[in-house]
Amino acid sequence: MTSRVLYLFGSAAPPVFEAGKVIEEAQDRGWDVCLGLTPTAAKWLGPQLHELEALTGHPVRSEYKLPGEPDVWPAADAILLAPATFNTVNAWALGLTSSFVVGVVAEGIGKRIPTVAMPCVNAAYVQHPQFDQSVETLRGSGVTVLYGPGGFVPNQPGERRPEGFPWHLALDAVGAIVSPTS
């Protein structure tokens, strides 16, 4: 069986530090994982990038390639964007593609690549009226957004949950929207 390709994208929220563990779990589930990060997330994981590249067998990307350069990743069967920050969710919903990760997921809607997003935002951020509009825009575009009951529930600013970020929900959701033989 050929591995299915998962683009695992992360933005700069504390769960991004668990990328290695998540990659291994996805690989155990039969995924060939390509890791993409927002520029700030790439800076946060800078000391680990070589290890993460070795783990995936692909370059970690955080910037667009130059026009005419070949793509260094295989085509995606699915995309998982988690953790997705307030900025990333809003930029994506508004079509503001200045970052590589947001550009790929925005284009993924048009290419009909099955996509799951799980925000990591605190309860103060979600009071901003744009956030709920952005979540609804993405859901209306066919993106599975794991936010609210059964997904990520915002915590208070500065609070960390003892159970941690619900990565298992995100990986389960990706597996549910892509058939094992894709």
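**Exercise 1. Find which residues line the largest cavity of this predicted model, and describe the character of that lining.**

*Solution.* Begin with the residues themselves: in this predicted model, the largest cavity is lined by Leu8, Phe9, Gly10, Val16, Ala19, Leu35, Ala82 and Trp167. Next, sort them by class, which gives seven nonpolar residues, one polar residue and no charged residues. The polar one is Gly10, because glycine is counted among the polar residues in this scheme. Then ask which element contributes the largest share, and the answer is strand β1 (residues 4-10), with three residues of the lining. Finally, consider the volume, which is about 30 Å³, and note that the count of cavities of 30 Å³ or more comes to one.

**Exercise 2. Describe the largest pocket and the second largest pocket by volume, lining and class of residue.**

*Solution.* Take the largest pocket first, whose volume is about 570 Å³. Its lining is made up of 28 residues, and those closest to its centre are Pro15, Cys120, Val121, Phe152 and Asn155. Helices α4 (86-94) and α7 (167-177) each supply at least two residues of this lining, which divides into 14 nonpolar, nine polar and five charged residues.

Now turn to the second largest pocket, which holds about 340 Å³ of space. Of the 15 residues that line this pocket, Tyr7, Asp71, Val104, Glu107 and Lys111 lie nearest its centre. Helix α5 (residues 100-111) gives the largest share of the lining, six residues, and by class the lining has eight nonpolar, two polar and five charged residues.

**Exercise 3. Work out where the buried residues of α7 lie around the helix axis, and name the elements they pack against.**

*Solution.* The first step is to list the buried residues of α7, which are Trp167, Ala170, Leu171, Ala173 and Val174. They cover an arc of only 155 degrees around the axis, and therefore they lie on the same side of α7. A general rule helps in reading this pattern: an α-helix has 3.6 residues a turn, so residues three or four places apart point the same way. The last step is to look at the partners, and here the buried residues of α7 pack against β1, α1 (19-28), β2 (31-37), β3 (78-84) and β4 (115-119).

**Exercise 4. State how many salt bridges the whole structure has, and examine the pairs formed by arginine 61, arginine 139 and arginine 29.**

*Solution.* A search of the whole structure finds five salt bridges. Start with arginine 61 and aspartate 71, whose side chains meet in a salt bridge at 3.2 Å, N to O. Both residues lie in the loop between α3 (49-56) and β3, so the pair ties together parts that are 10 residues apart in sequence. Arginine 61 is buried, with a relative accessible area of 11%, because the cut-off for buried is under 20%, whereas aspartate 71, at 45%, counts as partly exposed.

Continue with glutamate 25 and arginine 29, which form a salt bridge whose closest N and O atoms are 2.8 Å apart. Glutamate 25 is partly exposed at 33% relative accessibility, and arginine 29 is partly exposed at 29%.

Then consider arginine 139 and glutamate 136, where the closest N and O atoms of the salt bridge are 3.4 Å apart. Both lie in helix α6 (residues 129-140), three residues apart, about one turn of the helix. Arginine 139 is partly exposed at 31%, and glutamate 136 is partly exposed at 47%. To finish, note that salt bridges that share partners join Glu25, Arg29 and Asp172 into one network.

Note on methods:
Residues numbered from 1 in each chain as written. Predicted model: local features only at pLDDT ≥ 70, side-chain atom pairs only at ≥ 80, totals over all residues. Heavy atoms only, no water. 1 Å grid on protein atoms, 1.4 Å probe; cavity = no way out; pocket = protein on both sides within 12 Å on 5 of 7 lines; lining within 4 Å. Points joined across faces, edges and corners; volume = space filled by probe spheres on them. Helix = DSSP H or I, 4+ residues; strand = E, 2+ residues; numbered from the N terminus. Buried < 20%, exposed > 50% of the residue type's maximum accessible area, 1.4 Å probe, protein only. Arc of directions from axis to C-beta. Contact = heavy atoms within 4.5 Å. Salt bridge = Lys/Arg side-chain N within 4 Å of Asp/Glu carboxyl O.
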